[in-house]
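Thank you all for coming. Today I would like to talk through one pocket and one metal site, and I will start with a term before turning to the residues themselves.

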Amino acid sequence: MSQVLSGLGVGLNAVVAEVFQVAPAAALPAWAKSAAGVEAESTALKTAIASVAADLARLGSAADETTAEIFEALTYLLEDESLFDMAVAHMDEGWSAGAAYGMAVNEFAEMLAGDAAFEERIADLQDLSKRVQASIAGIHVGLDLPQTGAYVIVGEDFSPADTAQFTPAVVGVITVKGGPTSHTAIICRSRSIPAVVSVAHADEIQAGTSVLVDPVGDRIVIGASLDEATKPLEFANTGRDPLVEVRANIGSLDDAEAAAKTGAVGVGLFRTELLYLNESSQPSIERQRDLYASILAAAPAGPITVRTIDAGSDKPVPFLNMPEEENPALGVRGYRLIQDHRSFIEDQLKGLEAARVATGREIWVMAPMIATVQEAAEFAALARSLGSFKVGIMVETPSIAALIPDLEGVVDFVSVGTNDLSQYLFAADRMNPSLGALLNPWQPGLIRTLERIASQAKAAGIYSSVCGESASDPAFAVLLAGLGFSSVSASRSQVDAVRAALSAVDESQAVALAKSVLAAKSAEDTKSAAVAALSAL
Ligand code: PEP
Ligand code: MG
């Protein structure tokens, strides 16, 4: 195998560590009836519970004190007698041990759903349920991640729920699938985990091999040292303020706290759906208020732009029970959820208003996946009726990008989600590893669309920002300022690098850079034009 494998880099930092191959999670068998009888099924369940409890004990003994305590609490849940009895009742109806336990856990979770202390544990209990069912079926599910040491983990792709389980031992990530704007990429960038995605054949690298993850070079190099990593552009410290404000993208309390340690002025994108990826029931307004209030209180000073839920497609939220769709990226996602889940979007806005009052923070709210001016107007009216917010929309579909002048007087601001805008402009699935080149933000087709959005928003008196991953690239952020955007919002780990680039240029330099980029005719040439302009500073 070649020593150098190409992919798409995420972030500016490189790392060298040993490869840890993560086995793909197998699917659980469908629930079925069994002819084996209650005695045999309940023995199978007892054995599986004991085996999962032993796994937890093993993991707990290797973990820190807090984690060990969590594992201990989980073991109590796992061995709960009333839960076992509920499962036996289903075995009496003829169900197999795995099915009976799965059903019992669902009922148990439903019974305790109103109990605030327990709600937090529902996702854990569901995870245990999967482990027990897998143990009964004799298959392996779930990610087995290294708990200690330092490893570059390699896998097919990691879902948002998978990335939430990354341990501190994960110091680098390589995926075979997934594009530069996939959620693995977004989460790695925000957590400063060097990653290269879309690396064909990475799953063939032997575990234990030392590998350089070189995101700036868009490659991984087997056996290379850190000195061989490609260096990012460096900018002189001018001591000036950035040309446009730099906000932070967040999705959790942890992100908000980390962003507050950067030079970010407020938050340009709070991805609220990331809070709900493991929730099996709809959280109450009070619970949302408390969650938002803690995040708002921790976020960097400045306005906080909160996006209403953007579930669907690659971000499934269990309690919304979204139907399977042929083309999920073109289906009922983002603001379209208002069709069947109006109460959730209203509750989100009510919870946010209560959190705004409790914290005194300035909140801007925006809806994702808006395609028509009517949707924008409907969302604006709803948001204004439920709280004191600045109201805006995300520009992620080509249709709304063509209608910016018509938004005059309808919304206060627009924020461009270049991840989805690229996906829909180029008809290129952002999760498809072989389409990474079309999703490259340096594509002239995207840049010229951005130019029109910025100038038409300015003419319509609408504040404009970009919060897609493209704004986390320092050179691209300078281009966006030169095109006329009012602010950019970057992944928390990139905020200071983006600020440094935007502090190194004045307005006429950024406008000149934008002019030379707009004249270029390929993604390679637009990027080289920007790099040449920045290197000449
Ligand atoms: C985007 O599409 O650019 C965006 C910021 O939203 P998300 O990546 O969460 O879809
Ligand atoms: Mg999007």
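By buried I mean under 20% relative accessible area, with exposed being over 50% and partly exposed in between, using a 1.4 Å probe and protein chains only. This is a predicted model, in which local features need pLDDT of at least 70 and side-chain atom pairs count only at pLDDT 80 or more, while totals for chains, interfaces and linings use all residues. Residues are numbered from 1 along each chain as its sequence is written, ligands are numbered from 1 in the order in which they are written, and side-chain values use heavy atoms, without hydrogens and water.

On that scale D420, at 2% relative accessibility, counts as buried, and E396, at 2% relative accessibility, counts as buried too. Which residues coordinate the magnesium ion, ligand 2? They are E396, through OE, and D420, through OD, at 2.0 Å, where donors are N, O and S atoms within 2.8 Å of the metal (3.2 Å for Na, K and Ca), and water is not among the atoms, so sites may look incomplete.

Let me move to the second largest pocket, a pocket being an open set of points on a 1 Å grid over the protein atoms alone, where a 1.4 Å probe fits, with protein on both sides within 12 Å along at least five of seven lines, and lining residues having an atom within 4 Å of a point. Its lining consists of 41 residues, and V216, D218, W442, D473 and K527 lie nearest its centre.
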